[in-house]
Amino acid sequence: MTDHESLPETLADATDRELVGIVAVADNGIIGTDGAMPWHLPEDLRHFKETTMDHPVIMGRITYESILETLGEPLPGRTTVVVTTRDLETPENAVVAESLEEGVRRAEKAARERHDDAERIFVAGGASVYEQFLPALERLIVTEVHREPDGDAHFPDWDRESWREVDRDDRDGFAFVEYVRE
Ligand SMILES: NC(=O)c1ccc[n+]([C@@H]2O[C@H](COP(=O)([O-])OP(=O)(O)OC[C@H]3O[C@@H](n4cnc5c(N)ncnc54)[C@H](OP(=O)(O)O)[C@@H]3O)[C@@H](O)[C@H]2O)c1
């Protein structure tokens, strides 16, 4: 078991690839409701697909199950690394990890073996996984959704002073924004 303060170093030590958080978050911080997304934004789904394609994507078990329910399979063209304490059976393009550290190690292996040495490892939620990974993330790719939905899953509070906006693409009702850690 790793203590909280040394976790970022432990995770970063497990890979030389950039650890990148990708999230869609409402103006009130909500990211989910009842285990699902609180909105249907096809442009955001396309953006997520294009950004993460041919990379490893780490996610928590609840998010994984919500994707299985929607798509009937894990994200095509990517390796999903499911963080869980359960003994899940997964199809070929998904693997299970019992800790964040093991998740990064498995993502690193998938990047090397299946994704032509992809330079990034994505962290795709949900709330508990973002919260635990945040100190180790180097880049955040955020869809800022200009709504105030009800919900039960939040993106963790993050210190904006420690992050620099490097890209912004304003659309109708939302924006694709990229931040790097200062
Ligand atoms: N808006 C967005 O961009 C976005 C993205 C992703 C998800 N979401 C939303 O977020 C919500 C889900 O978030 P959530 O926090 O409830 O669930 P989650 O983070 O997806 O999954 C939580 C589960 O992951 C496992 N887990 C987490 N940390 C672990 C660790 N350190 N070691 C081992 N296992 C660990 C545990 O699974 P076990 O119980 O199996 O041990 C835990 O119950 C949903 O509403 C979803 O739609 C939104």
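**Figure 1. Backbone atoms reaching the ligand in this predicted model.** At I62, a backbone N or O atom sits 3.3 Å from one of the ligand's oxygen atoms. A36 does something along those lines, with a backbone N or O atom 3.2 Å from an oxygen atom of the ligand. For A24 the partner is a nitrogen atom of the ligand, and the gap to a backbone N or O atom of A24 is 2.7 Å. As for cover, the ligand on its own would expose 930 Å², and the protein buries 83% of that.

**Figure 2. Who makes up the shell around the ligand.** Four elements chip in two or more residues apiece: strands β1 (18-26) and β2 (30-32), plus helices α3 (61-71) and α5 (127-133). The largest share belongs to α5, which supplies five residues. There are 28 residues around the ligand, and the ones that come nearest are A24, R61, T63, T84 and T85. Sort the shell by class and you get 13 nonpolar, twelve polar and three charged residues.

**Figure 3. A look into the second largest pocket.** Its volume is about 200 Å³. The lining takes in V25, A26, D27 and G29, then V142 and E144, and finally F155, P156, D157, W158 and R160. Two elements give two or more residues to this lining, namely β1 and β7 (139-145). By class, the lining splits into six nonpolar, one polar and four charged residues.

**Figure 4. An aromatic pair between W158 and Y179.** The model has five aromatic pairs in total. In this one, the rings of W158 and Y179 meet edge-to-face, 4.9 Å centre to centre and with 80 degrees between the planes. The pair ties together distant parts of the chain, 21 residues apart: W158 is in the loop between β8 (153-154) and β9 (163-170), while Y179 belongs to strand β10 (residues 174-181). W158 also turns up in the lining of the second largest pocket.

**Figure 5. Two backbone oddities, at G125-G126 and at D34.** Most residues other than glycine have a negative phi, and most peptide bonds are trans. The bond joining G125 and G126 is cis, though, with omega at about 0 degrees. G126 lies in the loop between β6 (120-123) and α5, and α5 is the helix giving the largest share of the shell around the ligand. D34 isn't a glycine, yet its phi is positive, at about 50 degrees. You'll find D34 in the loop between β2 and α2 (42-52).

Conventions. Residues are numbered from 1 along each chain as its sequence is written. This is a predicted model: local features need pLDDT of at least 70, side-chain atom pairs count only at pLDDT 80 or more; totals for chains, interfaces and linings use all residues. Side-chain values use heavy atoms; hydrogens and water are left out. A residue is near a molecule or strand if one of its heavy atoms lies within 4 Å of it. A polar contact is a pair of N or O atoms within 3.5 Å; within protein, one must be able to donate a hydrogen and the other to accept it, and residues adjacent in sequence count only if both atoms are side-chain atoms. Accessible areas come from the Shrake-Rupley method with a 1.4 Å probe; for residues, only the protein chains shown count as cover. Ala, Val, Leu, Ile, Met, Phe, Trp, Tyr, Cys and Pro count as nonpolar, Asp, Glu, Lys and Arg as charged, and the others, Gly among them, as polar. On a 1 Å grid over the protein atoms alone, a cavity is a set of points where a 1.4 Å probe fits but cannot get out, and a pocket is an open set with protein on both sides within 12 Å along at least five of seven lines; lining residues have an atom within 4 Å of a point. Grid points are joined across faces, edges and corners, and a volume is the space filled by probe spheres set on the points. Rings of Phe, Tyr and Trp (its six-membered ring) pair if their centres lie within 6.5 Å; planes under 30 degrees apart count as stacked, over 60 as edge-to-face and the rest as tilted.
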